[in-house]
Amino acid sequence: MSEPPELVTIRIKVNGVERELQVRPHERLLDVLRDRLHILSVRGSCEQGSCGLCTVLVNGIPMKSCMVLAHEVDGAEITTVEGISNLGEITLLQRKFIEHFAFQCGFCTPAFVLVGHYLLNKHKRLLTREEVAEGISGLICRCTGYKPIIDAIVDASREMYGKNV
Amino acid sequence: MILPPFKLYKPRNIDEALEVLEERGDEVVVFAGGTKIMLLMQWGMARPNYIMDIKSLGLNHVKYEDGKLTVEAGVTLNELIDNEVIRERFSLLYETIKSIADDIIRNKATLVGNIVDAAPYATAVPAFLLLNGKAVLRSKEGTREVGGLDFFVDIMKTAQKPNELVIAIQFDEIKGKAKFLDFKGDSLFSVVNVAAIKYSQDGHDLVKVAITGLTNKPVIVDFSDQYAESKGNVDAFLRKAREYIRSEYKTEVIADARASANYRLHVTSVLVSRTLEVVVHE
């Protein structure tokens, strides 16, 4: 049996831009995004799948990029927080984060915004606080105590899809 | 962080995958969700020579037919949570899966991976045991099924041979009342997992409990006789169940940095009592 190749060619679309990269099998998606594509909103923090601050959307679904090998996303569309808005304008959800002061140091904010964006797109209706709490359960914020983050996401769903929960 | 280097096989079909396992089964780590091996590599506890990614094999189906559920190796936990059949007919499995890791990890981790890891913290193993779970193993020689406790040999050791691939897990639909509880102390990994079930068979009430995290291997305890003898005195039944766990597993209970033997024994007896209380409640 022949040995597998040392390098794997992957084609990915990152925030709408097609990329072709040669990666080593043990390179993680987190490393590729930060070190090779210089997308620094994807934070490497615990690097063991706990804090969730490296979360990106892979074909629209949140994944912790420290737990994803780069070869796994061959052919996939990757979205980081830079990719959810057009022409640099902030989204309604991002505006709600500002209104509710849903961040302090801001280190975890890209991940929470991405997961909030995913929840709004997945359900396309008013979200309950419980649903949002469950959705963000894989992310850690050491500043806010989560309440303003949940407020922001629920408020965004209210403005997008309905009135009171 | 840089992971230790390894070589990658990406077979395009099951035959190619079985060929790799036939030649290099001892050195290959099978990778579906990959969450466990990624962790072990990041912690410096694993340096596999080869990883074989099986996501291109099309093992991503959930089938339900005549009361039997088949979950293939590539099906993620969140795909099962979103599945109506699981929600409505396999409530024990549904409740169990909701307890594994978090909502984001569940987009990647697979049910089959959780069971075949056979770790003491394997959350889905109690449900596997109580729902007559079977692992479907395939090699170049053919397909075989290994069910229940026979599948688990020791901590992180199963009946799977190096040249075999677990392609699916099967469960029976059991109409009864079931409850799952776990205890997570310091992380997303459980210290102890307990599931209980009560159902009727040939006019008798069967009451069983399955546990991981207590001993080297998962445990099934049949409390049917004690339940019948209690004649509806639930408090007495639960007290006896707690005492049984404490005395029967006193010498076999495992201990590690996360929980001492006494602590595990106590937590298990409490969870056994709490799950049984739910399933025997009229």
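**Exercise 1. Find which residues of helix α1 in chain A are buried, and what they pack against.**

Step 1. Go to residues 29–36 of chain A, which form helix α1; its buried residues are A:Leu29, A:Leu30, A:Asp31, A:Val32 and A:Leu33. Keep in mind as you look that this is a predicted model.

Step 2. Now look at what faces them. The buried residues of α1(A) pack against two strands of chain A, β2 (17–23) and β3 (55–58).

Step 3. Move past the end of the helix. α1(A) is followed by A:His38, a residue with a positive phi.

**Exercise 2. Compare A:His38 and A:Phe101: what is each one's phi, and is each residue buried or exposed?**

Step 1. Start from the usual case. Most residues other than glycine have a negative phi.

Step 2. A:His38 is not a glycine, yet its phi is positive, near 55 degrees. A:Phe101 is not a glycine either, and its phi is positive at about 50 degrees.

Step 3. Place them in the chain. A:His38 sits in the loop between α1 and β3 of chain A, while A:Phe101 belongs to the loop between α2 (92–99) and α3 of chain A.

Step 4. Count neighbours, using the cut-off that 12 or fewer other C-beta atoms within 10 Å makes a residue exposed. A:His38 has 7, so A:His38 is exposed. A:Phe101 has 12 and therefore also counts as exposed.

**Exercise 3. Work out whether A:His71 is buried or exposed, and list what it touches.**

Step 1. Find A:His71 in the loop between β4 (61–64) and β5 (77–79) of chain A.

Step 2. A residue counts as buried when 20 or more other C-beta atoms lie within 10 Å of its own. A:His71 has 22 such neighbours, so A:His71 is buried.

Step 3. Leave out residues up to four places away in sequence. A:His71 then touches A:Val8, A:Ile10, A:Val23 and A:Pro25, and also B:Leu8 from the other chain.

Step 4. Try one distance as well: the C-alpha atoms of A:His71 and A:Pro4 are 13 Å apart, with their positions 67 residues apart along the chain.

**Exercise 4. Describe the overall build of chain A.**

Step 1. List the elements. Chain A has 5 helices and 5 strands, and from the N terminus their order is β-β-α-β-β-β-α-α-α-α.

Step 2. Check the size against the globule rule. For 165 residues, a compact globule would have a radius of gyration near 15 Å; chain A has 17 Å, so the two agree. The C-alpha trace of chain A spans about 60 × 30 × 30 Å along its principal axes.

Step 3. Turn to packing. Of the 165 residues in chain A, 49% are buried. When contacts between residues at least 6 apart in sequence are taken, 62% of them join residues at least 24 apart.

Step 4. Divide the chain. Its domain assignment gives domain 1 (8–82) and domain 2 (92–161), with C-alpha centres separated by 22 Å.

Step 5. Look where these domains meet. In chain A, 11 residues of domain 1 are in contact with 12 residues of domain 2. β3(A) gives the most to the domain 1 side, with 3 residues. By class, that side has 6 nonpolar, 4 polar and 1 charged residues.

**Exercise 5. Identify what chain B brings to its contact with chain A.**

Step 1. Check the confidence. Chain B has a mean pLDDT of 95, and 100% of its residues reach 70 or more. For the complex, the predictor gives an ipTM of 0.95 and a pTM of 0.95.

Step 2. Count both sides of the contact: 24 residues come from chain B and 26 residues from chain A.

Step 3. Trace the side of chain B that touches chain A. β1 (7–9), α2 (35–42) and β3 (50–53) of chain B each supply at least two residues. The largest share, 4 residues, belongs to α2(B).

Step 4. Sort that side of chain B by class: it has 13 nonpolar, 4 polar and 7 charged residues.

**Exercise 6. Explore the largest nonpolar core.**

Step 1. This core has 145 residues, and those with the most contacts inside it include A:Ile153, B:Met52 and B:Ala195.

Step 2. Helix α3 (residues 109–123) of chain A gives the largest share of this core, 8 residues.

Step 3. Finish at B:Ala195. Leaving aside neighbours within four places in sequence, its contacts include B:Leu92, B:Pro126, B:Phe180 and B:Thr275.

Technical notes
Residues numbered from 1 in each chain as written. Chains lettered and ligands numbered in written order. Predicted model: local features only at pLDDT ≥ 70, side-chain atom pairs only at ≥ 80, totals over all residues. Contact = placed C-beta atoms within 7 Å. Nonpolar A, V, L, I, M, F, W, Y, C, P; charged D, E, K, R; others polar. pLDDT = per-residue confidence, 0-100. Core = buried A, V, L, I, M, F, W, Y, C linked by C-beta atoms within 7 Å. Rg over C-alpha atoms; globule rule 2.2 N^0.38 Å. Domains from an automatic or database assignment.
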